[in-house]
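Dear colleague,

Please find below the structure that I am handing over to you, with its sequence. A summary of what was found in it follows.

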Amino acid sequence: MDNGDHRMSSPVTLNVGGRLYTTSLSTLQRYSDSMLGAMFRGDFPTTRDSQGNYFIDRDGTLFRYILNFLRTSELTLPLDFTETDLLRKEADFYQIEPLIQCLNDPKPLYPPDIFEQVVELSSTRKLSKYSNPVAVIITQLTITTKVHGLLEGISNNFTKWNKHMMDTRDCQVSFTFGPCDYHQEVSLRVQLMDYIMKQGFTIRNTRVHHMSERANENTVEHHWTFCRPAHKVED
């Protein structure tokens, strides 16, 4: 092996946003027209950290997907990956054109015989505007899904919460709490999230919505979306 080959295969350590990655120079230069290709070709100055590692001030967690693409030329993401927009920005920063194309024209998330089951958990809390500290007037937890087995399991396993007006419908189970027991709503929410995730679901996203319905009330809604892959059943 000549000196050039040895240099291309020698390990290189990068500090990306505080996370260390070790790879070869040939991997970093796989796409010569990318920012990394230019950087390790010596076309513009590099920065080193206190340990002498090359430093890049970008998202260290997402760089694992950048590096894996450089190694394999294939984009492989977890089924529950939710940061595609952020990864697209990282790919644009590093100017890796094949990766940018993959992210702009993604493959289907699942194979043809797989689909995604979804569970929505929402917490609606009505708050008094004028009490100090803020008083909770009423809270409600609602689980919405077409996975009837999950709804049935919740109805059967959370019977002690029946006194909180458990309402079961085709695609929903809801629990309503009065002003004196909203702490129990928090307890039930934690138990429900744990139960849902033990059925193989993972959190896809969360969101919060604030709105005012009356002059003396504020309504705050929290939503959690859970997903899991499932095999299609032939008719």
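**Helix α6 and its surroundings**

The buried residues of α6 pack against α4 and α5. These buried residues are L99, I100 and L103. Because they cover an arc of only 105 degrees around the axis, they are placed on the same side of α6. Please bear in mind throughout that this is a predicted model.

**The nonpolar cores**

The largest nonpolar core comprises 28 residues. Within this core, the residues with the most contacts are L14, L36, F40, F63, Y94 and I96. At least two of its residues come from each of the following elements: β1 (11-16), α2 (25-28), α3 (35-39), β3 (54-56), α4 (63-72), α5 (84-94) and α6 (97-104). The greatest contribution is that of α4, which gives six residues.

F63 may serve as an example from this core. Neighbours within four places in sequence left aside, F63 is in contact with L14, V16, Y21, L36 and Y94. Apart from the largest core lies another one, which has 21 residues, including M193, I196, F201 and W224.

**The three-stranded sheet**

An open sheet is formed by three strands in the order β2-β1-β3, with mixed pairing. The edges are occupied by β2 (19-24) and β3; each has a single partner strand, so one side of each is left without a neighbour in the sheet. On average, neighbouring strands of this sheet are turned by 30 degrees against each other, direction ignored.

In general, the strands of a sheet pair through backbone hydrogen bonds, in either a parallel or an antiparallel manner. Here, β1 and β2 run antiparallel and are joined by six bridges. One bridge pairs V12 with T23 in β2. Helix α4 lies across β1 and β2, and runs at about 5 degrees to β2.

**Residue S123**

Is S123 buried or exposed? S123 has a relative accessible area of 3%, and is therefore buried, the cut-off being under 20%. S123 is found in strand β4, which spans residues 114-128. If neighbours within four places in sequence are left aside, the contacts of S123 are Q140, L141, E185, R189, V220, E221, H222 and W224. W224, one of these contacts, is also among the residues of the core of 21 residues.

With kind regards

Conventions. Residues are numbered from 1 along each chain as its sequence is written. This is a predicted model: local features need pLDDT of at least 70, side-chain atom pairs count only at pLDDT 80 or more; totals for chains, interfaces and linings use all residues. Side-chain values use heavy atoms; hydrogens and water are left out. Helices (H or I, at least four residues) and strands (E, at least two) are DSSP runs, numbered from the N terminus. Buried means under 20% relative accessible area, exposed over 50%, partly exposed in between (1.4 Å probe, protein chains only). Contact means heavy atoms within 4.5 Å. A nonpolar core is a set of buried Ala, Val, Leu, Ile, Met, Phe, Trp, Tyr and Cys residues joined through side-chain atoms within 4.5 Å. Two strands pair if DSSP finds at least two bridges between them. Axes are lines fitted to C-alpha atoms, for helices over the stretch in contact, and angles run from 0 to 180 degrees between N-to-C directions. The arc is that of the directions from the helix axis to the C-beta atoms.
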